[in-house]
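Trainee: Could you walk me through a structure that I have not met before? I would like to see how each answer is reasoned out.

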Amino acid sequence: METLAFIPSPSSGEIVIGPIPLRGYAFCIIVGVFIAVWLGGKRWVARGGQPGTVADIAVWAVPFGLVGGRLYHVVTDYQLYFGEGRDWVDAFKIWEGGLGIWGAIALGAVGAWIGCRRRGIPLPAYADAIAPGIALAQAVGRWGNWFNQELYGRPTDLPWAVRIDNGVDTGTFHPTFLYESLWCVGVALLVIWADRRFRLGHGRAFALYVAAYTVGRFWIEYLRIDEAHEIWGLRLNNWTSIVVFLAAVAYIVLSARLRPGREDVVEPVAEKTGGADDAGGADGTGTGTDGDATAKGSAEDEGKAAEDRADGPERAESAGGTSASTAG
């Protein structure tokens, strides 16, 4: 049956920005990172943190995440880079695609832990703030697979099928990149809603993101036809999704019992700065406790001076005599 409509694949895997050609895959990753940092920063400030903290920690988390994602991909798909007819140098060509989200999150968490530790910030609180942003970053990043014409699903004649002509396969296939992108947008919205509704804390918002993502990844992975290792009839990433989902749900349940509620303080430095500002306002503007005392004292002095002027010379003379006798 002929497909009546389909999503065309790009004629080139590059995006030209002015005089600079940029790989579409890399462009999507970069845009995703900016979205994650922007949204994470807004959520962090809303939780009582300082502006710029999320970006500072991302300097650690992002490089670690990229390395982790690439390592996971190369290790689990080693046949693509090692063996007869393969060039191991291709393992370093990250711009050609190939990032495993499991490795990216795992090693990215190590980088985030280092950054949080340097600033005295609890990692679970930071993870809760950036969780929806990570989901949106994945939603954007998946379009890099569209640029590379990779990781598509089974053949289909559905109107939203993606047209593939990459020298290996030709035809229309399930656009699994689109499915996962839309799913990740839904996950981000779910986490934002649940966080507002239930005031999730101590890493539970992040765990919800992980659990929700793995549910979608399971059925989307089941549609893919690219080469992958299988265990008992399921792709490796399906088994990973199951294990990670169970771990995330267990964390949510245990964390809610052991540490209910949400953190009162997410960034000690922000609390100290707030206290200093209050004190400064008291001294500088007269609105604090010390300022009130100063203002009260000034008012009393002015009142006494007014009384002295009203009593006239006699009072002044009497006061002068008293002072002279006391001094003597």
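Mentor: Gladly! Let us start with a definition: helices and strands here are DSSP runs, at least four residues for a helix and at least two for a strand, numbered from the N terminus. Please keep in mind that this is a predicted model.

Trainee: In which loop does Leu 151 lie?
Mentor: Look for the elements on either side of Leu 151. One of them is strand S3, which covers 162-165. The loop that holds Leu 151 is the one between H5 and S3.

Trainee: What is the phi of Leu 151, and what is that of Arg 199?
Mentor: Most residues other than glycine have a negative phi. Leu 151 is not a glycine, yet its phi is positive, at about 55°. Arg 199, in the loop between H6 and H7, is not a glycine either, and its positive phi is about 50°.

Trainee: Is Asn 148 buried or exposed?
Mentor: Asn 148 lies in helix H5, residues 143-148. Leaving aside residues up to four places away in sequence, Asn 148 touches Arg 23, Tyr 25, Trp 95, Glu 96 and Gly 97. The cut-off for buried is under 20% relative accessible area. Asn 148 has 17% relative accessibility, so it counts as buried.

Trainee: Which helix supplies the largest share of the largest nonpolar core?
Mentor: That core has 36 residues, and Trp 44, Tyr 126, Val 191, Phe 206 and Tyr 209 touch the most other members. Helices H2, H3, H4, H6 and H7 each supply at least two residues of this core. The largest share, nine residues, comes from H4.

Trainee: Which residues form one aromatic cluster with Phe 206?
Mentor: Phe 206 has several contacts beyond its sequence neighbours up to four places away, including Ile 105, Ala 127 and Ile 134. For the cluster, though, we look at aromatic residues. Phe 206 forms one with Trp 102, Tyr 209 and Tyr 213.

Trainee: How are the rings of Trp 232 and Trp 239 arranged: stacked, tilted or edge-to-face?
Mentor: The whole structure has 13 aromatic pairs. In the pair of Trp 232 and Trp 239, the ring centres are 5.8 Å apart and the planes are at 75°. Planes over 60 degrees apart count as edge-to-face. The pair of Trp 232 and Trp 239 is therefore edge-to-face.

Trainee: Is Trp 232 buried or exposed?
Mentor: Its partner Trp 239 has a relative accessible area of 26% and is partly exposed. To count as exposed, a residue needs over 50%. Trp 232 has 78% relative accessibility, so it is exposed.

Note on methods
Residues numbered from 1 in each chain as written. Predicted model: local features only at pLDDT ≥ 70, side-chain atom pairs only at ≥ 80, totals over all residues. Heavy atoms only, no water. Phe/Tyr/Trp six-rings, centres within 6.5 Å; stacked < 30°, edge-to-face > 60°. Buried < 20%, exposed > 50% of the residue type's maximum accessible area, 1.4 Å probe, protein only. Contact = heavy atoms within 4.5 Å. Core = buried A, V, L, I, M, F, W, Y, C linked by side-chain atoms within 4.5 Å.
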